[in-house]
Amino acid sequence: MDLPAVEAAARAIIRNVETVIDGKHTAVTTALTVLLAQGHLLIEDVPGVGKTMLAKALAKSVHCTVSRVQFTPDLLPSDVTGVSVFNQVDRRFEFKPGAIFANIVIGDEINRASPKTQSALLECMEERQVTVDGSTYLLPLPFTVVATQNPIEMEGTYALPEAQRDRFMARISMGYPDTESELMMLDARDTSSPLAGIEAVVSGAQLRGMMTAVQRVFASPAVKEYTVSLVRATRDDRDLRLGASPRATLQLIRAAKAQAALHGRDYVLPDDIDSLAVAVLGHRLVASSRVLGHHQDSGPVVDDIVRRIVAATPVPVGATGHP
């Protein structure tokens with residue numbers, strides 16, 4: 001698939017999702033960017049602002065297999081990955097795949113499950129495979145986890161461990177709708193759910209073609225140097241106790257390629273890196289206790305630190321041109 005076709009298909013998906021999600025163009029675009037970059041998305045916000053609605057609308061806009069897991073404190077790892085069951089007729093164990101075996105997996109309220117269940121996703125998200133009872137099973141491709149979570153100070157939540165957060169390419173927040181969007185919502189959802197009218201606008205083959213086109217987007221050595229400089233700055237910043245990993249560097253470049261393709265470009269600009277830095281890096285970083293002070297939510301503090309680092313990092317010569 002060429003870039004004009006990718007751009008046209010992306011616009012169709014965005015329009016489709018925005019028939020359900022009003023006034024959240026940036027969140028919808030970032031979600032699609034992560035999907036095309038073959039990453040995983042974490043949507044974090046208070047209940048009732050449309051986190052699950054966005055995940056469902058995105059999944060229904062693409063013709064592929066979709067599953068949904070409601071994470072609860074009593075959810076078991078085998079409920080997610082699958083389990084081996086003894087077949088009385090054949091006298092052998094058979095593997096029954098769990099909900100993780102789908103192209104798009106919606107994990108609702110992921111931080112309400114126990115750490116043991118959360119850890120069941122580690123291998124799935126990084127290696128695209130599941131190991132059960134010594135046997136390894138490959139997950140379908142493409143494979144994307146779109147997870148929602150409530151802020152950690154909400155009752156009944158478990159904070160995601162650093163290794164789990166690092167496997168998400170980006171984290172976004174929905175935020176409350178503006179007055180106009182909320183009034184439109186009252187009219188549109190008075191009698192029925194808008195999700196009922198959502199149909200796929202892109203086939204599975206088209207989605208795979210879009211992902212392949214994204215991989216071909218050019219990132220110059222200067223852009224890569226700039227990305228590495230940003231990530232390394234988070235490791236040396238005195239306000240951060242934990243900086244971004246090399247995985248973050250790789251995923252920032254991949255996300256930037258997807259964003260460039262969405263804008264019809266076959267090359268990455270430093271502006272792509274800058275605009276995605278908070279979403280891709282923020283959830284991976286841990287602020288020092290000195291900076292946090294009395295803040296219960298470290299997210300805004302860390303996001304401000306990322307913006308400061310972006311503003312202070314010089315752009316190398318040659319990073320603004322195309323091949």
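Strand 2 and strand 5 (residues 104-108) run parallel to each other and are joined by five bridges. In this predicted model, that pair belongs to an open sheet of five parallel strands, ordered 2-5-8-1-9. The points below start from this sheet, then turn to a hairpin, an exposed phenylalanine and the largest pocket.

**The parallel sheet**
- A handy place to start looking is R68, whose bridge partner in strand 5 is I106.
- Following the order 2-5-8-1-9 across the open sheet, you will find strand 2 (66-70) at one edge and strand 9 (170-172) at the other, each pairing on one side only.
- From one strand to the next, the twist averages 15°.
- Helix 3 (residues 51-60) packs on this sheet and touches strand 1 (41-44), strand 2, strand 5, strand 8 (144-149) and strand 9.
- The direction of helix 3 makes about 170° with that of strand 5.

**The hairpin of strands 6 and 7**
- Here the pairing is antiparallel: strand 6 (residues 129-132) and strand 7 (residues 135-138) are linked by four bridges.
- One of the residues to pick out is Q129, which has L138 as its bridge partner in strand 7.
- Two residues lie between the strands of this hairpin, and D133 adopts a positive phi near 55°.

**F93 in strand 4**
- F93 is part of strand 4 (residues 92-97).
- Is F93 buried or exposed? F93 counts as exposed because its relative accessible area is 56%, and the cut-off for that class is over 50%.
- Setting aside neighbours within four places in sequence, F93 is in contact with S84, V85 and F86.
- V83 sits 10 residues from F93 along the chain, and 9.6 Å separates the C-alpha atoms of the two.

**The largest pocket**
- The largest pocket holds about 1100 Å³ of space.
- Its lining is made up of 45 residues, and those nearest the centre are E44, R171, S173, G299 and D303.
- Several elements give two or more residues to this lining: helix 2 (25-36), helix 7 (162-166), strand 9, helix 12 (270-281), strand 11 (286-287), helix 13 (289-292) and helix 14 (299-312).
- Which element gives the most to the lining of the largest pocket? That is helix 2, with six residues.
- Sorted by class, the lining of the largest pocket has 17 nonpolar, 17 polar and 11 charged residues.
- Strand 9 is worth a second look, as an edge strand of the sheet that also gives two or more residues to the pocket lining.

Key: Residues are numbered from 1 along each chain as its sequence is written. This is a predicted model: local features need pLDDT of at least 70, side-chain atom pairs count only at pLDDT 80 or more; totals for chains, interfaces and linings use all residues. Side-chain values use heavy atoms; hydrogens and water are left out. Two strands pair if DSSP finds at least two bridges between them. Axes are lines fitted to C-alpha atoms, for helices over the stretch in contact, and angles run from 0 to 180 degrees between N-to-C directions. Contact means heavy atoms within 4.5 Å. On a 1 Å grid over the protein atoms alone, a cavity is a set of points where a 1.4 Å probe fits but cannot get out, and a pocket is an open set with protein on both sides within 12 Å along at least five of seven lines; lining residues have an atom within 4 Å of a point. Grid points are joined across faces, edges and corners, and a volume is the space filled by probe spheres set on the points. Ala, Val, Leu, Ile, Met, Phe, Trp, Tyr, Cys and Pro count as nonpolar, Asp, Glu, Lys and Arg as charged, and the others, Gly among them, as polar. Buried means under 20% relative accessible area, exposed over 50%, partly exposed in between (1.4 Å probe, protein chains only).
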